[in-house]
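Please take a moment to look over the model shown below before reading on. The paragraphs that follow lead through it step by step.

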Amino acid sequence: MDWRSDRKHYIKYCSKWRRSNRGILKPNHHYYMRLIKKQTDEFLRENKDYLLANKPEIYYSMINRKLPKKYIKEEKVITPVNSYTPPQSKMSREELDQSLEKQISERKEKEHALKIKREKERKEQERLKYNRETSEKERRYIYWVDPNQSINQNKLGSSQQWRIEKKYKYY
């Protein structure tokens, strides 16, 4: 019986989190990346000529490099100088004047309608504000009254301090 098969060795020298696996490591990220790299290298070795001839952008993206200038194809589109003619240039002078007047009148109508709408909203806001302020003012007169108390409380008899004449006038 040697020291490796001894049970005490596992307890003394192996870490606690590996006890359940007894030294078997689980494959991790590096393991899988190594397999992926192996497969891509093999694919690129076999198909390099075809990829460079037909799809160089895929080849260079697989090896993580920038696409060289000789493989970049810029599509040049040649357009005539006057390819677009605006509809105003197709009209005669009178038609152009009429369309401009029509656009101006439509714009004025929209602005006028918007102005009327804003004025209505402003008046409504002012009305609500006035009602709120008046109700705040009138609130001091409107309150719950105790029916058992006298109406003239603190207004009759000795409570009328304002009737007592003072001997001296104080400044």
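Where is the place of Lys 48? The place of Lys 48 is in helix 2, and with a relative accessible area of 38% this lysine is partly exposed. Lys 48 and Tyr 59 are eleven residues apart in sequence, while in space their C-alpha atoms are 7.4 Å apart. Before following that pair of residues further, it helps to step back to the whole chain, keeping in mind that what is shown is a predicted model.

The protein has five helices and zero strands, and its elements, taken from the N terminus on, run α-α-α-α-α. Of its 171 residues, 6% count as buried, where the word buried stands for a relative accessible area under 20%. The protein exposes about 18,300 Å², of which carbon and sulfur atoms supply 53%.

Where, then, do buried nonpolar residues come together? The largest nonpolar core has six residues in all, namely Leu 44, Leu 51, Leu 52, Tyr 59, Tyr 60 and Tyr 71. Helix 2 and helix 3 each supply at least two residues of this core, and helix 2 gives the most to it, with three residues. One member of the core, Leu 51, touches Phe 43, Leu 44, Pro 56 and Tyr 59, when residues up to four places away in sequence are not counted. Tyr 59, which was met above as the residue whose C-alpha lies 7.4 Å from that of Lys 48, is thus named again among the contacts of Leu 51.

The tyrosines of this core also lead to the aromatic rings. How many aromatic pairs does a search of the whole structure find? The search finds three aromatic pairs. One of them is formed by Tyr 31 and Tyr 32, an edge-to-face pair with 5.4 Å from centre to centre and 70° between the planes. Another is formed by Tyr 60 and Tyr 71, and this pair is tilted, with 5.8 Å centre to centre and 45° between the planes. Tyr 60 lies in helix 3 (residues 56-62) and Tyr 71 in the loop between helix 3 and helix 4 (87-90), so the pair ties together parts that are eleven residues apart in sequence. Tyr 60 is buried, because its relative accessible area is 14% and the limit for buried is under 20%. Ring pairs also link Tyr 59, Tyr 60 and Tyr 71 into a cluster, and these three tyrosines are among the residues of the largest nonpolar core.

The pair of Tyr 31 and Tyr 32 has another setting. Tyr 31 lies in helix 2 (residues 29-54), and at 34% relative accessibility this tyrosine counts as partly exposed. Tyr 32, at 46% relative accessibility, counts as partly exposed as well. Together with Leu 35, these two tyrosines make a nonpolar surface patch of about 290 Å².

Charged side chains complete the picture. How many salt bridges does the count come to? The count comes to five salt bridges. In one of them, the side chains of Asp 41 and Lys 37 meet at 3.4 Å, N to O. Asp 41 and Lys 37 are four residues apart in helix 2, which means that about one helical turn separates them. Asp 41 counts as partly exposed, at 34% relative accessibility.

Further along the chain, Arg 122 forms a salt bridge with Glu 126, and the closest N and O atoms of the two are 2.4 Å apart. Arg 122 and Glu 126 are four residues apart in helix 5 (residues 93-138), so they too are separated by about one helical turn. Arg 122 counts as partly exposed at 39% relative accessibility, and Glu 126 is partly exposed with a relative accessible area of 44%. A salt bridge also joins Glu 136 and Arg 139, whose closest N and O atoms are 3.1 Å apart. Glu 136 is partly exposed, with a relative accessible area of 47%, whereas Arg 139, at 53% relative accessibility, counts as exposed. Finally, salt bridges that share partners join Glu 119, Arg 122 and Glu 126 into one network.

Terms used. Residues are numbered from 1 along each chain as its sequence is written. This is a predicted model: local features need pLDDT of at least 70, side-chain atom pairs count only at pLDDT 80 or more; totals for chains, interfaces and linings use all residues. Side-chain values use heavy atoms; hydrogens and water are left out. Buried means under 20% relative accessible area, exposed over 50%, partly exposed in between (1.4 Å probe, protein chains only). Accessible areas come from the Shrake-Rupley method with a 1.4 Å probe; for residues, only the protein chains shown count as cover. Patches are made of residues with over 30% relative accessible area and no salt bridge: like charges are joined within 9 Å, nonpolar side chains (Val, Leu, Ile, Met, Phe, Trp, Tyr) within 5 Å. A salt bridge is a side-chain nitrogen of Lys or Arg within 4 Å of a carboxyl oxygen of Asp or Glu. Rings of Phe, Tyr and Trp (its six-membered ring) pair if their centres lie within 6.5 Å; planes under 30 degrees apart count as stacked, over 60 as edge-to-face and the rest as tilted. A nonpolar core is a set of buried Ala, Val, Leu, Ile, Met, Phe, Trp, Tyr and Cys residues joined through side-chain atoms within 4.5 Å. Contact means heavy atoms within 4.5 Å.
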